[in-house]
Amino acid sequence: MMTGTQQEAERAPGPQPLHVSLVALPEAAVSTLSGIFDVMNAFSIVPPDDGITKTPPFHVEIVGERAGSLTLASRVPLVVQRPVADIERTDIVIVPSVVLGPEGWVKRRYPELVDWCRRMHVRGALICSACSGIFLLAETGVFDGADATVHFGYAQTFRDAYPEVPIHPEQVLVVAGHRDELITSGASMTWHDLVLYLIARHAGATAAQTVARYFALQWHQDGLAPYMVFEGRRDHGDQAIQTAQDWLAAHFSVANPLEEMVRQAGLTERRFTRATGMSPIAYVQRLRIEEAKRRLERTEASVEEISWQVGYEEPAFFRRLFRRITGLAPGNYRRRFQVPAYAKRPSSHG
């Protein structure tokens, strides 16, 4: 026979799912928004596992300034389920990646969304961005002085717009704030890392592993440095330095390129560093490693051959430098980025 306390426990409801507000705005990328929505709402379809609870940990809604149809950046229509004006409290706010036009991010375009996100933060919500969603969230001011990440392709644009927010585009996921409540993910598909982090945080590591297996999601544990393409800074306005950069871009593999650059242009190391933000030797190393990345991706040349082709006579030094800059050994980089055999165009013979 059950006691009164046992009977009350039997009737007591289980833990309520966390309310997740997935913010939709016209610049949003449909792939990120729909991917986050599907994965975080999919606990009912994931096969039973030790890490999956019977009660879904999240209830995800697509929210926006107005309910109803909204056309996203790729011209795909989407239905906004609830207006933010109707939401007084939520547990997690996620702004998906946004696509910036030639004019960049236009501030004060969505004051209602910005004010609502700020209020939700004050009321205890986690504030999350995927990729470039941080552009909207930075307007709230809650990220001022807090570390964050953003798609590396938008990094300089973000720095120009929000210099008060320190960003680390080479990082996959950055968790900041006094309550670890400010969460940002980097380039494009790192929304995988964002949702897996939220699942691990609120439903446990085993649940995150189960979901990752089911959807073939990836933790980008090597960081984003392997994906980043080096482009030397050219907005410094120093024509002599730009000429030197052009020369280095074409002659970085020659012996002693820095001596030759100095001989031709008469530039000092200090002037070059002040203009580009990098020492001449570091600049040349980045050019050489960038070329090595392309050769690893597109040719079958050995690492030793590529080392020599980009200007390094000692393969061991090249391997160390390559790993320091990209985060991967050359062989691992090739396996990660080279087009697999099954995806290559079939031969026209036979």
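Helices and strands are here the runs assigned by DSSP, with at least four residues for a helix and at least two for a strand, numbered from the N terminus. By that reckoning the protein chain of this predicted model holds 14 helices and 9 strands.

**The whole chain**

Begin with the complete C-alpha trace, which spans about 90 × 50 × 45 Å along its principal axes. The protein chain has 350 residues, of which 45% count as buried. Contacts between residues at least 6 apart in sequence can also be sorted by separation: 63% of them join residues at least 24 apart.

**First stop: α2 and α6**

Select residues 30–40, helix α2, together with residues 191–203, helix α6. The two pack at an angle of about 25 degrees, and their axes lie 10 Å apart. Angles under 35 degrees count as roughly parallel, so α2 is roughly parallel to α6. The crossing of α2 past α6 is right-handed.

Now show side chains on both helices. On α2, the contact is made by Thr-32, Gly-35, Ile-36, Val-39 and Met-40; on α6, the contributors are Trp-191, Val-195, Leu-198 and Ile-199. Sorted by class, this contact comprises 7 nonpolar and 2 polar residues, with no charged ones.

Next, centre the view on Ile-36, which sits in helix α2. Is this residue buried or exposed? Its relative accessible area is 0%, so Ile-36 is buried. Which residues surround Ile-36, once neighbours within four places in sequence are left aside? The residues in contact with Ile-36 are Leu-22, Ile-94, Ala-130, Trp-191 and Val-195. Two of these names, Trp-191 and Val-195, were listed above on the α6 side of the helix contact. For a distance to display in the viewer, choose the C-alpha atoms of Ile-36 and Trp-191: they are separated by 7.1 Å, although the two residues are 155 apart along the chain.

**Second stop: two loop residues with positive phi**

Most residues other than glycine have a negative phi. Two residues that depart from this pattern can be selected next.

Move to Cys-131, in the loop between β7 (126–130) and α4 (134–138). Cys-131 has a positive phi of about 60 degrees although it is not a glycine. With a relative accessible area of 4%, Cys-131 is buried.

Then select Ser-188, which lies in the loop between β9 (182–185) and α6. Here too phi is positive without the residue being a glycine, with a value of about 30 degrees. Is Ser-188 buried, partly exposed or exposed? Its relative accessibility is 34%, and Ser-188 therefore counts as partly exposed, since that class runs between the limits of 20% and 50%.

**Third stop: Glu-290 and Arg-294 in α11**

Select Glu-290, found in helix α11 (residues 280–298). At 11% relative accessibility, this glutamate counts as buried, because the limit for that class is under 20%. Not counting residues up to four places away in sequence, Glu-290 touches Met-228, Val-229 and Phe-230.

Add Arg-294, which also belongs to helix α11. What links the side chains of Glu-290 and Arg-294? A polar contact of 2.6 Å joins them. Arg-294 is itself buried, with a relative accessible area of 18%. To set Arg-294 against a remote part of the model, select Pro-17 as well: the two residues are 277 apart in sequence, and their C-alpha atoms are 47 Å apart in space.

**Last stop: α11 and α14**

Keep α11 in view and add residues 330–337, helix α14. These helices pack at an angle of about 55 degrees, with their axes 8 Å apart. An angle of that size makes α11 and α14 oblique to each other. α11 passes α14 in a right-handed crossing.

Which residues of α11 and α14 make the contact? From α11 come Lys-293, Arg-294, Arg-295, Leu-296 and Glu-297, and from α14 come Pro-330, Tyr-333, Arg-334 and Phe-337. Arg-294 thus takes part in this helix contact and also makes the side-chain polar contact with Glu-290.

Colour the contact residues by class to finish the tour. The contact of α11 with α14 has 4 nonpolar and 5 charged residues and no polar ones, whereas the contact of α2 with α6 has 7 nonpolar, 2 polar and no charged residues.

Terms used: Residues numbered from 1 in each chain as written. Predicted model: local features only at pLDDT ≥ 70, side-chain atom pairs only at ≥ 80, totals over all residues. Heavy atoms only, no water. Axes fitted to C-alpha atoms, helices over the stretch in contact; angles between N-to-C directions. Parallel < 35°, antiparallel > 145°, perpendicular 65-115°, else oblique. Left-handed = near helix turned anticlockwise from the far one by under 90°. Contact = heavy atoms within 4.5 Å. Nonpolar A, V, L, I, M, F, W, Y, C, P; charged D, E, K, R; others polar. Buried < 20%, exposed > 50% of the residue type's maximum accessible area, 1.4 Å probe, protein only. Polar contact = N/O pair within 3.5 Å; in protein donor to acceptor, adjacent residues only side chain to side chain.
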